[in-house]
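Work through these exercises with the structure open beside you. Try each task before reading its solution.

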Amino acid sequence: MVEAFAVASGKGGTGKTTSTLALGLALAEEYDVTVVDADTGMANLLFHAGLEDAPVTLHDLLLTDSDAAVADARYERFGLTVVPCGTDLAGFRDADPTRLRDVVAELAADTDVLLLDSPAALGSPASVLPIVLADRTIIVTQPTIPALSDALKVQEYAASYGTGVAGVLFNKVRPADGIDAIAPKAERYFEGPVVGTVPDDDAARAARRAGEPLLAYAPDSPAARAYRDAAATIDVDRGDGDALADRFRSAVIPEAI
Ligand SMILES: Nc1ncnc2c1ncn2[C@@H]1O[C@H](COP(=O)(O)OP(=O)(O)O)[C@@H](O)[C@H]1O
Ligand SMILES: [Mg+2]
């Protein structure tokens with residue numbers, strides 16, 4: 001029984017990886033959670049989770065002639081199962097992104113919640129794959145007009161692949177942003193609710209430097225509290241794991257977008 005979420009945004013640096021791990025840690029209080037660095041071209045989850053020396057990563061699983069087993073790329077950290085991705089260009093070049101379907105199908109058999117840290121630039125078939133595979137998308141954005149307009153594009157992509165929006169998560173919010181006025185308006189344009197408003201918080205940057213997820217590094221920081229509140233608003237709808245695995249395996253990868 002599992003629900004798969006893509007954590008996505010229109011831009012890089014909005015905090016997808018920070019959010020994936022933060023929501024993952026919060027949801028792990030209740031569920032068995034697996035997070036996957038599906039941002040295979042700009043992987044950075046390994047740095048946030050202290051896994052830069054992981055011997056086997058998603059890149060190894062995506063190699064066409066791979067003999068690595070999915071189990072070899074699963075690491076138990078901070079109460080989560082983490083599947084990191086390597087950062088070298090050769091690994092990205094040699095990877096067959098379509099194999100992500102089988103990897104995710106196998107992981108789905110063994111968890112309640114799958115969080116797919118997704119690529120920002122949705123310009124290629126491979127980069128939209130996590131959104132294609134997910135049941136619902138969590139859109140991470142800053143509350144500025146250009147960021148919101150990119151976030152709406154993510155929603156459009158998701159809708160075109162039949163993936164719903166679980167919610168919009170505002171991140172790196174500063175007092176000057178006027179979030180109280182923006183959030184209600186955003187709810188009119190997005191299919192899902194605003195699930196959270198996470199302040200810009202030095203603790204998030206410090207956690208990244210320390211190689212630890214924010215909720216492990218600074219659990220009482222304002223940003224960590226906001227992430228826990230956000231996770232509490234997400235109703236996980238655990239579908240049938242076998243049906244989901246079949247869907248993953250047979251997902252059609254768009255040829256051109
Ligand atoms: N709420 C926040 N406040 C301050 N810095 C943040 C916050 N969320 C993320 N960051 C920082 O922003 C940078 C990019 O975050 P990251 O999660 O790696 O983004 P992405 O995965 O979208 O590229 C990191 O240095 C991270 O520590
Ligand atoms: Mg990232």
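**Exercise 1. Find which residues come nearest to ligand 1, and sort its shell by class.**

Solution. This is a predicted model. Start at the ligand. Of the 18 residues around ligand 1, the nearest are Lys16, Thr17, Thr18, Ala204 and Arg208. Next, sort the shell by class: 9 residues are polar, 6 are charged and 3 are nonpolar. Finally, look for the elements behind the shell. Helix H1 (16-27), strand E7 and helix H9 (202-210) each supply at least two of its residues.

**Exercise 2. Decide whether strand E7 is largely enclosed or open, using its residues 164-173.**

Solution. Count the buried residues. A residue is buried if 20 or more other C-beta atoms lie within 10 Å of its own. In E7, 9 of the 10 residues meet that description, so the strand is largely enclosed by the rest of the structure.

**Exercise 3. Identify the strands that E7 pairs with, and give their direction.**

Solution. Take one partner at a time.

- Strand E6 (residues 136-141) runs parallel to E7, and 6 bridges join the two. Within this pairing, arginine 136 has glycine 164 of E7 as its bridge partner.
- Strand E8 (residues 194-199) is also joined to E7, here by 4 bridges, and this pair runs parallel. To locate the pairing, find leucine 169: glycine 196 in E8 stands opposite.

**Exercise 4. Trace the chain from E6 to E7 and on to E8, and state the handedness of each β-α-β unit.**

Solution. Leave E6 and follow helix H7 (residues 145-160) into E7; this crossover is right-handed. Then continue from E7 through helix H8 (residues 179-189) to E8. That β-α-β unit is right-handed.

**Exercise 5. Compare the backbone and surroundings of phenylalanine 78 and lysine 172.**

Solution. Begin with the expectation. Most residues other than glycine have a negative phi. Now check the two residues.

Phenylalanine 78 has a positive phi of about 55°. Its place is the loop between strand E3 (75-77) and strand E4 (80-83). Count its neighbours: 19 other C-beta atoms lie within 10 Å, so phenylalanine 78 is partly exposed.

Lysine 172 has a positive phi too, near 55°. This residue sits in strand E7. Its count is 21 other C-beta atoms within 10 Å, so lysine 172 is buried.

The cut-off settles the contrast: 20 or more neighbours make a residue buried. Lysine 172, with 21, is buried, whereas phenylalanine 78, with 19, is partly exposed.

Terms used:
Residues numbered from 1 in each chain as written. Chains lettered and ligands numbered in written order. Predicted model: local features only at pLDDT ≥ 70, side-chain atom pairs only at ≥ 80, totals over all residues. Buried ≥ 20, exposed ≤ 12 C-beta atoms within 10 Å, placed from the backbone. Pairing = 2+ DSSP bridges. Right-handed = clockwise from strand over helix to strand, strands pointing away. Near = placed C-beta within 6 Å. Nonpolar A, V, L, I, M, F, W, Y, C, P; charged D, E, K, R; others polar.
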